[in-house]
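Q: Could you take me through this model by asking what its descriptions rest on, setting each value against its definition?

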Amino acid sequence: MKCYRKILRIPWTARRTNQNILQELGMKERQLLKNIKQLKLKYFGHVVRHNNLEKLCLEGAVEGRRGRDRPRRRWTQDVSDWLGFSVREASILAQDRDGFRSAVWEATSYKDPP
């Protein structure tokens, strides 16, 4: 909703409901996060099906010690959380395009809470 408010140039101090903002945009539900999830999962499937540099970067590990702070959120953690599979299981599923498409559709076809 923060992105939608920025698009409409509504300050954060304005007391407007989320429903009011969605009506102004002509939307019934929040679509932005759903679209981002779909695109990210589709790109994951594309990368996993090909043998290229992106796949090496996705599956590789960096040597050395990790930093002192909390570990950063990894790109693959989003994929495994959204699909409900481990990254290895998701990459095996991605080899079957139709099965992976249905898994992506299931992961992104939910109603956002109000």
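**Reading the model by its definitions**

A: Ala-103 touches Leu-83 and Leu-93, where residues up to four places away in sequence are not counted and contact means heavy atoms within 4.5 Å. The model is a predicted one, in which local features need pLDDT of at least 70 and side-chain atom pairs count only at pLDDT 80 or more, while totals for chains, interfaces and linings use all residues. Residues are numbered from 1 along each chain as its sequence is written, and side-chain values use heavy atoms, with hydrogens and water left out.

Q: What makes the pattern of the chain α-α-α-α-α-α-α?
A: The chain has seven helices and zero strands, where helices are DSSP runs of H or I with at least four residues, strands are runs of E with at least two, and numbering starts from the N terminus.

Q: Why is the chain called more spread out than a compact globule?
A: The radius of gyration, taken over C-alpha atoms, is set against a globule rule of 2.2 Å times the number of residues to the power 0.38. For 114 residues the rule gives 13 Å, and the chain has 18 Å, well over that value, so the chain is more spread out than a compact globule. Along its principal axes, the C-alpha trace spans about 50 × 40 × 20 Å.

Q: Why are H3 and H6 called roughly perpendicular?
A: Axes are lines fitted to C-alpha atoms, for helices over the stretch in contact, and angles between N-to-C directions run from 0 to 180 degrees. Angles under 35 degrees count as roughly parallel, over 145 as roughly antiparallel, 65 to 115 as roughly perpendicular and the rest as oblique. Helix H3 (residues 32–49) and helix H6 (residues 87–94) pack at about 75°, with their axes 9 Å apart, and H3 and H6 are therefore roughly perpendicular. The contact is made by Phe-44, Gly-45, Val-48 and Arg-49 of H3 together with Val-87, Ala-90, Ser-91 and Ala-94 of H6.

Q: What makes a set of residues a nonpolar core?
A: Such a core is a set of buried Ala, Val, Leu, Ile, Met, Phe, Trp, Tyr and Cys residues joined through side-chain atoms within 4.5 Å, and buried means under 20% relative accessible area, exposed over 50%, and partly exposed in between (1.4 Å probe, protein chains only). The largest nonpolar core here has 11 residues, among them Leu-41, Phe-44, Leu-83 and Ala-103. Its largest share, four residues, comes from H7.
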